[in-house]
Amino acid sequence: MGQPVEILGKAGKMKSTGVVRKIDELGRIVLPSELRRVFGIREGDELEISVNGEQVILQKRQDVCVFDSAENPAYEFKGRRVCEKCAAELRELSTVEVRLPEDTSVAP
């Protein structure tokens with residue numbers, strides 16, 4: 001088979017996971033859930049793909065808005081970056097009054 005997957009840890013040192021994945025007919029691979037959890041990679045996150053010699057490197061993009069991928073977002077909330085436009089939209093939503101239909105009851 002090929003070489004094991006290597007991970008660049010927080011200290012900058014590459015370490016092997018020993019995990020092997022096959023590429024499907026569309027060129028996709030699945031990142032193991034443990035790697036996604038450790039690196040905080042969620043559905044919809046953007047990964048930057050680069051090459052270093054014979055290595056393919058995936059890096060989670062930290063410099064884009066989580067909602068619309070705008071470059072250089074101004075705010076961070078719970079580890080996620082948010083641009084000014086999306087933050088303004090969220091502020092508007094926080095002032096909207098939510099009403100439940102009259103026949104709906106909410107348990108305490």
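This text walks through the structure from its overall layout to its core, its cysteines and its surface.

The model is a predicted one. Its chain has 108 residues, and 11% of them are buried. Two helices and six strands are present. Their order along the sequence is β-β-α-β-β-β-β-α. The accessible surface of the chain is about 9,500 Å². Carbon and sulfur atoms account for 54% of that surface. Contacts can also be sorted by how far apart the partners are in sequence. Among contacts between residues at least 6 apart, 10% join residues at least 24 apart.

Now turn to the inside. Which residues make up the largest nonpolar core? Five residues do: Cys65, Val82, Cys83, Cys86 and Ala87. Cysteine 83 has a relative accessibility of 7%, so it counts as buried. Cysteine 86 is buried as well, with a relative accessible area of 8%. What does cysteine 86 touch once its neighbours within four places in sequence are left aside? Its contacts are then Cys65, Phe67 and Asp68. Cys65 is thus a contact of cysteine 86 and a member of the core.

The core cysteines raise the matter of bonding. A disulfide is a covalent bond between the sulfur atoms of two cysteines. Here a pair of cysteine sulfurs must lie within 2.5 Å to count as one. How many disulfides does this rule give? The count is zero. Cysteine 83 shows why: its closest cysteine sulfur, in cysteine 86, is 3.6 Å away, too far for a bond. Seen from the other side, cysteine 86 has the sulfur of cysteine 83 as its nearest cysteine sulfur, and cysteine 86 is in no disulfide.

Next comes the surface. A nonpolar patch of about 620 Å² is formed there by Ile23, Ile29, Ile49, Val51, Val56 and Leu58. Two elements each give two or more residues to this patch: strand 3 (47-52) and strand 4 (55-60). Where does isoleucine 29 sit? Isoleucine 29 lies in the loop between strand 2 (14-16) and helix 1 (33-38). Its relative accessibility is 45%, so isoleucine 29 counts as partly exposed.

Strand 3 also holds serine 50. Serine 50 is partly exposed because its relative accessible area is 25%, and the partly exposed range runs between 20% and 50%. Residues up to four places away in sequence aside, serine 50 touches Gln55, Val56 and Ile57. One of these, Val56, belongs to the nonpolar patch.

Notes: Residues numbered from 1 in each chain as written. Predicted model: local features only at pLDDT ≥ 70, side-chain atom pairs only at ≥ 80, totals over all residues. Heavy atoms only, no water. Core = buried A, V, L, I, M, F, W, Y, C linked by side-chain atoms within 4.5 Å. Buried < 20%, exposed > 50% of the residue type's maximum accessible area, 1.4 Å probe, protein only. Contact = heavy atoms within 4.5 Å. Patch = residues over 30% accessible without salt bridge, like charges linked within 9 Å, V, L, I, M, F, W, Y side chains within 5 Å. Areas by Shrake-Rupley, 256 points an atom, 1.4 Å probe, with all protein chains shown as cover. Salt bridge = Lys/Arg side-chain N within 4 Å of Asp/Glu carboxyl O. Helix = DSSP H or I, 4+ residues; strand = E, 2+ residues; numbered from the N terminus.
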